[in-house]
Amino acid sequence: MTRRILVAATVALLLTAVCAGYILARARPAAGPPASGLTLRTAGLLVRDTQSGRLALVREDGSRAVSPLSCLRLYAAAGTGVCLRQGPVSAELVVTDQALKELRTLPLNGVPNRARVSPTGRMVSWTVFVTGDSYNGGQFSTRSGILDTGTGELAGNLENFTVDGHHSPPDANLWGVTFAADDNRFYATLATGGQRLLVRGDFARRDLHVLAENVECPSLSPDGTRIAYKKMLPDRSWRLTVLSLADLAQTPSAETRSVDDQAAWLDDGTLAYALPHRGRAGADVWTVPADGSGTPRLLAADAESPARLP
Amino acid sequence: MYLTTTGIRPRRRGGAAAPWRQVGGNVLALGAVSLTTDVSSEMVTAVLPLYLVAGLHLGPAAYGLLDGLYGGATVLLRLAGGYLADRTRRRKATAGLGYGLSAAARLGLLAAGASTAGLALAVTADRAGKGLRTAPRDALIGLSVPPAVLGRAFGVHRAMDAVGAFTGPLVALAVLAAADQAFDAVFLTSFCVACFGVLLLALFVRDHRDRPGPRSTAAPRAREAAALLGRPAVRRLLGAACLLGLATVGDGFVYLLLQRRTALATGWFPLLAVGTALAYLLLAAPLGALADRIGRTPVLLAGYLAVAAGYLLLAGPLGGPPLVLAVLLLHGLFYAATDGVLMALATPVLPERLRTTGLALVQSGQALAYLASSALFGLAWQTWGVPAAATGAAVTAVLAAAATAVLLGRRGGQGEA
């Protein structure tokens with residue numbers, strides 16, 4: 001017995017040493033003060049650096065300033081930043097000011113998936129994948145919420161909103177919120193009965209209105225006239241497409257690879273989106289004209305969650 | 001055999017502690033193996049969704065596929081593992097194979113990188129390992145103690161198991177924090193912990209391979225295993241296991257209902273499972289002992305009533321923290337009163353040379369019925385709404401309890417084998 005205990009103790013020590021060594025090797029040195037000049041008012045492209053997992057700024061010349069803030073998804077507009085990250089107990093939403101100071105954190109149940117800020121910087125939204133409540137036949141489900149940072153008003157679950165005045169269907173899933181400039185209207189995907197619908201939401205009235213079919217992860221153009229979205233093709237891949245809200249005309253972008261991302265508008269004519277690396281972790285940010293012309297161009301390597309600053 | 005299961009109290013010679021002492025080192029060793037292995041597997045379970053979606057950018061379709069592999073795909077393998085263990089009479093080796101396979105699957109997760117096929121293979125290997133090991137392990141527990149303390153033995157084992165399930169996610173979060181959110185560090189640590197579990201099994205668990213007696217000299221044949229179903233006592237037991245599966249809906253449903261009913265802050269959601277595990281680990285051993293004293297069937301039936309009461313509360317007017325606490329306590333109580341107790345009921349009914357096969361059969365029946373009831377509950381929820389579905393689940397649990405009482409009742413007794 002004593003010999004067996006000795007063997008067990010020795011092996012336990014060895015295994016502990018292996019793990020501790022590995023963990024220490026993976027731990028990066030404690031981050032220093034925020035990279036100089038990195039604020040949400042600096043010009044450039046805000047991204048998540050997929051090598052470090054941190055919020056970073058890619059300047060016009062391609063140089064990169066990495067902040068100490070670790071995020072899984074992020075977005076920023078008009079001096080308000082939002083960062084979805086893994087907290088000590090659950091995922092959490094962090095709202096920051098323009099100096100990346102944390103103003104507010106909110107616990108989230110699920111795996112961070114989408115994040116947006118309204119053009120004025122006042123409204124903040126998020127989407128998480130929820131695991132463990134497979135009430136729709138073993139499928140994943142999503143949950144989206146909106147926080148009004150002006151009033152502190154919180155809509156934690158958009159499934160509680162009505163659809164044209166009626167209760168939302170029990171199998172409803174909502175994801176991919178994008179805000180209009182008035183801080184009240186928003187667009188999102190409502191999935192129900194196997195369909196993925198584009199809805200226009202009214203935050204004040206807590207109501208949704210269905211506009212179109214097969215529209216996922218909408219992103220409203222700065223001029224408010226078009227929606228960039230991922231359109232599911234018959235082979236279940238996604239084509240990055242632009243929808244005109246005036247006549248619901250669709251324009252496929254020149255990007256033919258499957259884009260599983262909520263695109264961001266760099267200006268009224270240009271889209272940015274992340275494409276994951278093939279066969280290894282990480283992603284790159286690409287850009288393509290919104291009018292269907294041109295070709296995709298690599299904008300930032302090892303990056304995702306793009307947002308145009310300022 | 002009859003004595004052991006009809007509630008005759010074990011004699012106490014050395015005071016109240018004597019029955020506990022009979023549980024013995026082998027059960028504790030098996031418990032330690034399960035505890036260690038559960039720390040390892042729950043570490044992975046806790047971070048895998050985050051890794052797949054946030055780390056590897058798997059889309060919903062691929063993610064749904066991997067998530068589905070966690071379902072009932074291992075039932076056949078469980079039966080095969082049970083029969084293999086009986087056939088070779090190497091229960092420890094079969095269990096060890098299962099534990100080893102799951103440990104190797106952790107390295108597979110590291111090696112798979114972002115390949116969906118590789119990830120699916122690793123997850124399947126992990127599930128296969130769990131399928132292989134469960135029945136031989138329970139058979140070993142049954143062989144390690146006198147029949148009168150089976151309830152205690154399974155109770156102690158399940159409590160240790162629950163401690164592992166409780167600790168795993170916390171260890172995973174600690175590693176993630178220490179390794180600057182590096183998922184590979186979690187998988188490697190999980191692998192090391194799993195290896196230690198296999199080592200504990202190899203060093204400290206005694207096999208019960210070659211018991212004396214003419215009946216056990218020849219290895220059982222497949223036809224004999226099939227003939228198990230011809231025994232009325234086994235059929236009744238299998239029926240009870242299926243009823244138990246039917247009486248329960250997925251834990252996820254319960255937590256989701258709790259969250260909706262109480263407007264619980266979403267960040268608290270993961271702690272609901274922790275609450276159930278806590279109640280389970282505290283109650284498993286005492287309820288096992290109670291089952292040894294007053295009979296295993298009454299404790300099993302009390303478990304059904306606990307889960308029915310929980311579902312009724314979810315349909316009722318009570319809300320807030322009292323509802324959360326009551327439902328989690330009842331849910332933990334249900335697991336503590338049924339999980340190990342069913343195995344303690346089954347063990348003496350099954351002939352020793354086919355015991356592992358029989359236990360696998362009982363566990364598979366329960367697992368399949370559980371899958372069916374969860375699917376039905378999901379359908380009921382969408383069709384009739386929450387209160388009706390929850391009430392329906394409660395009624396089903398009570399009906400299952402009544403049917404089980406008839407099946408395992410005095411006349412049809414579990415001691416008939």
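## A tour of the cores, the interface and the salt bridges

Start by selecting Leu258(B), Tyr304(B) and Phe377(B): of the 88 residues in the largest nonpolar core, these three touch the most other members. Next, colour helix 14 of chain B, residues 320–349, which gives this core its largest share, 14 residues. Keep in mind as you look around that this is a predicted model.

Now zoom in on Leu258(B). Setting aside its neighbours within four places in sequence, show its contacts: Leu272(B), Leu314(B), Leu323(B), Val324(B), Val327(B) and Leu328(B). Then move over to another core, apart from the one you have just seen, with 32 residues that include Leu40(A), Leu55(A), Val82(A) and Ala307(A).

**Where the chains meet**

Select the contact between the chains, and you will have 50 residues from chain A and 42 residues from chain B. About 4,100 Å² is buried between chain B and chain A, with 68% of that area coming from carbon and sulfur atoms.

How many salt bridges are there between chain B and chain A? The count is one. To see it, pick Arg26(A) and Asp184(B), whose side chains come together at 3.0 Å, N to O. Three residue pairs are in polar contact across this interface, both residues being at pLDDT 80 or more.

Stay on the chain B side and colour its helices. Those that supply at least two residues each to the side touching chain A include helix 2 (18–55), helix 7 (150–178) and helix 15 (355–384). Helix 8 of chain B gives the most, with 10 residues. By type, this side of chain B has 27 nonpolar, 11 polar and four charged residues.

**Salt bridges to visit**

Over all chains, the structure holds 24 salt bridges. A good one to select next is Arg158(B) with Asp138(B), at 3.1 Å from N to O. Arg158(B) sits in helix 7 of chain B and Asp138(B) in helix 6 (residues 116–144), so the pair ties together parts 20 residues apart in sequence. Both of these residues are buried.

Leave Arg158(B) selected and add Asp339(B), since these two side chains also meet in a salt bridge, at 3.2 Å, N to O. This pair links distant parts of the chain, 181 residues apart, with Asp339(B) in helix 14 and Arg158(B) in helix 7 of chain B. Is each partner buried or partly exposed? Asp339(B) is partly exposed at 29% relative accessibility, whereas Arg158(B) is buried, with a relative accessible area of 6%.

For the last stop, select Arg114(A), Arg196(A), Glu216(A), Lys230(A), Asp260(A) and Asp261(A), which salt bridges with shared partners join into one network.

Notes. Residues numbered from 1 in each chain as written. Chains lettered and ligands numbered in written order. Predicted model: local features only at pLDDT ≥ 70, side-chain atom pairs only at ≥ 80, totals over all residues. Heavy atoms only, no water. Contact = heavy atoms within 4.5 Å. Buried area = accessible area lost by both parts, 1.4 Å probe. Salt bridge = Lys/Arg side-chain N within 4 Å of Asp/Glu carboxyl O. Polar contact = N/O pair within 3.5 Å; in protein donor to acceptor, adjacent residues only side chain to side chain. Helix = DSSP H or I, 4+ residues; strand = E, 2+ residues; numbered from the N terminus. Nonpolar A, V, L, I, M, F, W, Y, C, P; charged D, E, K, R; others polar. Core = buried A, V, L, I, M, F, W, Y, C linked by side-chain atoms within 4.5 Å. Buried < 20%, exposed > 50% of the residue type's maximum accessible area, 1.4 Å probe, protein only.
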